[in-house]
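Biologist: Hi! Could you walk me through this one before I head back to the bench?
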2 protein chains.
Amino acid sequence: MREVAVVGIGILKWGELWEKSFRNIFTEAALNSIDDAGVDHIDSLYVGCMTGGLFVGQEHVGAVMADYIGQKNIPAVRVESACASGAIAFRQAFMEVASGMSDIVMAGGVEKMTDVSGDGATYALATAADQEWEVFHGVTFPGLYAMMARAYMKKYKMTRKQLSAVPYKNHQNGAKNPYAQYSFPIKLEDVEKGVLIADPLHILDCSPITDGAAAAILTTVDIAKKLKKPIIKVTGSGLATDTIALAQRESLTWLKSTELAGKAALKMAGRKITDIDLIEVHDCFSIAEIIVTESLGLFKPGKGAKAAADGVTALDGKIPVNTSGGLKAKGHPVGATGIGQVVEIVKQLRGEAENGRQIKGNPKVGMAQNMGGSGASAAVHIMEVA
Amino acid sequence: MREVAVVGIGILKWGELWEKSFRNIFTEAALNSIDDAGVDHIDSLYVGCMTGGLFVGQEHVGAVMADYIGQKNIPAVRVESACASGAIAFRQAFMEVASGMSDIVMAGGVEKMTDVSGDGATYALATAADQEWEVFHGVTFPGLYAMMARAYMKKYKMTRKQLSAVPYKNHQNGAKNPYAQYSFPIKLEDVEKGVLIADPLHILDCSPITDGAAAAILTTVDIAKKLKKPIIKVTGSGLATDTIALAQRESLTWLKSTELAGKAALKMAGRKITDIDLIEVHDCFSIAEIIVTESLGLFKPGKGAKAAADGVTALDGKIPVNTSGGLKAKGHPVGATGIGQVVEIVKQLRGEAENGRQIKGNPKVGMAQNMGGSGASAAVHIMEVA
């Protein structure tokens, strides 16, 4: 397999983008990534998108976007694994470059969620859960993650304040990210004062509905050397699945797909979890960040909540988690989220994070963990300064 | 890149499968392919599916199917390029094996179209067209292909009888395929007697709404040699796109994405179109088969209709096209169609086609052409007896 590097990233400010269409927002992020890389074409395109059909009545998203970014006729494919679609677009692009099939590949992600028609965004998102054993019976994602939070609280005596530490920290970081949907801080006590969504989760425990897109340009390390950008190598890629239904898992307080994907990525990169300088994780709900950090091996089972509350994962902590603001503050345009994480890791490894968000000590190794459904899919990537 | 072979195929009888669910039909085809290959596991899964969200309220199809076929925890990804989703699942599996990332990969496809709720199957399918410039204005696929047929008739003086030759021939072949939705012959004159759908296309010019699934097992040629199945090598893979909207094409009577994908596949395989012994093509409407055979270079522009009428593409013709019965008679479960084509090519190259459908002369090189939308995506694969 050939060595692969990220040489361009592109994003736009995420939010409720009423004045921009589905193809507009993707095009903006994609052209930004082409400009950033300094390339004049791409050989192939992957687009992560969860459900263009239910959100905007548009499937066949690969071909649409290749056409609208001015790269008509190239191979273009849309990939979907619910909210992990972005990371999987990145993984497919990585494999296509590594295999020798193509030299310059764009991995993008997009979702236009705010102007959904039909049965609404909660139904559209629920198609990532088990239609027959969960959704049909009325369970949607806030309920599924609430069950995980309740089980974790019972097992490990997590306090409400510890759980609140996650969105509090992510809003602190998001306030320094000019591309975040909610670029403002919140108070710790705001979280438990917010409206209750699914006990014990309040509104600020939940990531928002977002319009957004992001893109990255991948190429070989050899080609990257000829471009003028810092070379960020992709050294590890892991993908794993678990039962689609939460009730069929071995444990409600562990994410096995994340554990397996993390191990696979670390093995490929020849790294240990302690080698990682910063991580973007999939905090679709506050409890998710806690269980993910444990499943990746950052903290022992039951210790993730305390670590967050103690500031271990803060911007100036021992291992910064979600310096971008995470899904909570940056926003969660589901198909784009995994690529949004890559954008943050690349910025941090280049030393280009804005507004005092740059972590200290010249980070060399970053990780991105993206997840679909209640954890039925998880993808982990490791990126390193060359 | 490593050499790749297909060592297992699986299918079930396609049709209106009221008694089987979305995951049932995929599981049946997938387990058949595992049995056929004689393997005890797969390392990774790709599932082609156009719109699980709109048809059955289930996205996240990769994880669902990995779980239900008993391969929980492996990497699993759903890919989508409208009706070309199946061939693209095959292409991704090919790249994953070729790259060295995985050794044994399943490429499957599935669609459950008959018990659609919401806005119905015609709307769900129309999300493969341009939502903003076609669907919003009321155009759906029968209308788009009718425009292509009308333009072709005007330009090349194609007769109604020549157009009817395509579904007539495909039903002759489908009558010999026990897995076909419509395994019975029709008379040539039945086509123009059928109800008019979108002038000049009558009902028998159109492929049906189908529930179906299919699967193939890909591995390295080295591993294939240890299994007991005949080795069918994948020697070429091409994928290309075109404008999503038909109106923005250079020509209504040419499919540029098919031309480019075909050339790319032939180049990779080191073959000429005249080396091909049989082809499965994407006859979603009768006019599509005619334009596809021309765009692949089998016949000169304007000569494809006459070739079909003259029997050149019949089972005993010079170059048999759609020996399976094609989308018209075999059925068109959109995400599964591309894999259904692979199943037929492999059967013919193994000499295992049922009921007198086996073509004569020990075919050595087969091609499968699968298409999305009105041709905004096209994927072409070449398979050869090792």
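Modeller: Happy to; this is a predicted model, and we can go through the chains, a helix pair and some rings.

Biologist: Great. What turn and shift lay chain B on chain A?
Modeller: A turn of 180° with a shift of 0.0 Å along the axis does it, and the RMSD is 0.0 Å. That is how a two-fold axis relates copies.

Biologist: And why do you say the copies meet through the same surface?
Modeller: Because 100% of the interface residues of chain B are interface residues in chain A as well.

Biologist: Switching to helices: how do helix 6 and helix 11 of chain A cross?
Modeller: Their axes come within 9 Å and cross at roughly 60°. Helix 6 of chain A covers residues 141-156, and helix 11 of chain A covers residues 286-295. The crossing of these two helices is left-handed.

Biologist: Which residues meet there?
Modeller: From helix 6 of chain A you have Tyr145(A), Met148(A), Ala149(A) and Tyr152(A). They meet Ile287(A), Ala288(A), Ile290(A), Ile291(A) and Glu294(A) of helix 11 of chain A. By class, that contact has 8 nonpolar, no polar and 1 charged residues.

Biologist: Nice. How many aromatic pairs are there over all chains?
Modeller: The count comes to 6. One of them is Tyr182(A) with Phe184(A), a tilted pair at 5.7 Å centre to centre, with 45° between the planes.

Biologist: How accessible are Tyr182(A) and Phe184(A)?
Modeller: Tyr182(A) has 25% relative accessibility, so it counts as partly exposed. Phe184(A) has a relative accessible area of 40%, and it is partly exposed too.

Conventions: Residues numbered from 1 in each chain as written. Chains lettered and ligands numbered in written order. Predicted model: local features only at pLDDT ≥ 70, side-chain atom pairs only at ≥ 80, totals over all residues. Heavy atoms only, no water. Least-squares fit on C-alpha atoms with pLDDT ≥ 70 in both. Contact = heavy atoms within 4.5 Å. Axes fitted to C-alpha atoms, helices over the stretch in contact; angles between N-to-C directions. Helix = DSSP H or I, 4+ residues; strand = E, 2+ residues; numbered from the N terminus. Left-handed = near helix turned anticlockwise from the far one by under 90°. Nonpolar A, V, L, I, M, F, W, Y, C, P; charged D, E, K, R; others polar. Phe/Tyr/Trp six-rings, centres within 6.5 Å; stacked < 30°, edge-to-face > 60°. Buried < 20%, exposed > 50% of the residue type's maximum accessible area, 1.4 Å probe, protein only.
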